[in-house]
Amino acid sequence: MSKLYAGIINTADRYVPNSLRPLWNHAAGPKTVFFWAPVFKWGLVVAGLNDLRRPADQLSVSQSASLAATGVIWSRYSLVIIPKNYGLFSVNLFVAITQVAQLYRAWDFSRKHQPQIEEAKK
């Protein structure tokens, strides 16, 4: 642990109320990377939600499929590790859900516009 990080944690430690001590001192609490990595991963969920405004023909199916698979795999993993990391579970569940929604949008677009695409090729 770096001296700067240790200093910040030791300073903040004095101000944490007793009611929040169990969360603060948890093995996957704010003192660890197991807390902060999922917090920052919410950026992927926000990006996925912003992509809902993107036209369906501009979606990357391979990217959405990869992120959906990653979300499902890591959701499962977060529940089998010790300690269970519910923050990691929730963020990965939402990553999977947003990307499955994107995959549906891409599939629905291709289904509805396939006759037009084939006719344009002729």
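**Entry 1: ground rules**

I count a residue as buried under 20% relative accessible area, as exposed over 50%, and as partly exposed in between, using a 1.4 Å probe and protein chains only. With that settled, I looked up leucine 93, which is partly exposed, its relative accessible area being 34%.

I keep in mind that this is a predicted model, where local features need pLDDT of at least 70, side-chain atom pairs count only at pLDDT 80 or more, and totals for chains, interfaces and linings use all residues. Residues are numbered from 1 along each chain as its sequence is written, and side-chain values use heavy atoms, with hydrogens and water left out.

**Entry 2: the whole chain**

I began with the secondary structure and found five helices and zero strands. Helices (H or I, at least four residues) and strands (E, at least two) are DSSP runs here, numbered from the N terminus. Read from the N terminus on, the elements run α-α-α-α-α. The radius of gyration is 21 Å, well over the 14 Å that the globule rule gives for 122 residues, so the chain is more spread out than a compact globule. For my own record, this radius is taken over C-alpha atoms, and the rule is 2.2 Å times the number of residues to the power 0.38. I also noted the span of the C-alpha trace along its principal axes, about 70 × 30 × 25 Å.

Next came the domains. Domain 1 covers 1-27 and domain 2 covers 32-121, with bounds from an automatic or database domain assignment. Their centres, taken over C-alpha atoms, are separated by 33 Å.

I then checked burial and surface. Of the 122 residues, 25% count as buried. The accessible surface comes to about 8600 Å², and 66% of this belongs to carbon and sulfur atoms. The areas come from the Shrake-Rupley method with a 1.4 Å probe, and for residues only the protein chains shown count as cover.

For contacts (heavy atoms within 4.5 Å), I looked at pairs at least 6 apart in sequence. Of these, 64% join residues at least 24 apart.

**Entry 3: helix H4 and the loop after it**

Where does serine 64 sit? I found serine 64 in helix H4, which takes in residues 61-80. Serine 64 counts as buried because its relative accessibility is 5%. Leaving out residues up to four places away in sequence, serine 64 touches Gln99, Gln102 and Leu103.

Following the chain onward, I reached proline 83, in the loop between H4 and helix H5 (86-121). The peptide bond from isoleucine 82 to proline 83 is cis, with omega near 0 degrees. That made me pause, since most peptide bonds are trans.

**Entry 4: a nonpolar patch**

Which residues make the nonpolar surface patch? I list Trp42, Leu93, Phe94 and Ile97, with a patch area of about 350 Å². To join a patch, residues need over 30% relative accessible area and no salt bridge; nonpolar side chains (Val, Leu, Ile, Met, Phe, Trp, Tyr) are joined within 5 Å, like charges within 9 Å. H5 gives the largest share, three residues.

Phenylalanine 94 lies in helix H5 and counts as partly exposed because its relative accessibility is 40%. Leucine 93 is in helix H5 too. I also took the C-alpha to C-alpha distance from leucine 93 to arginine 76: 9.1 Å in space, for 17 residues apart in sequence.

**Entry 5: salt bridges**

How many salt bridges does the structure hold? I count four, each being a side-chain nitrogen of Lys or Arg within 4 Å of a carboxyl oxygen of Asp or Glu.

One of them joins the side chains of aspartate 13 and arginine 21 at 2.7 Å, N to O. Aspartate 13 is partly exposed, with a relative accessible area of 22%, and arginine 21 is partly exposed, with a relative accessible area of 22%.

In helix H5 I looked up aspartate 108, which pairs with arginine 111, the closest N and O atoms being 2.5 Å apart. Why are these two separated by about one helical turn? Aspartate 108 and arginine 111 are three residues apart in helix H5. Lysine 112 also meets aspartate 108 in a salt bridge (3.1 Å, N to O); these two are four residues apart in helix H5, so about one helical turn separates them. Together, Asp108, Arg111 and Lys112 are linked in a network of salt bridges.

I closed with accessibility: aspartate 108 counts as buried at 13%, while arginine 111 counts as partly exposed at 45%.
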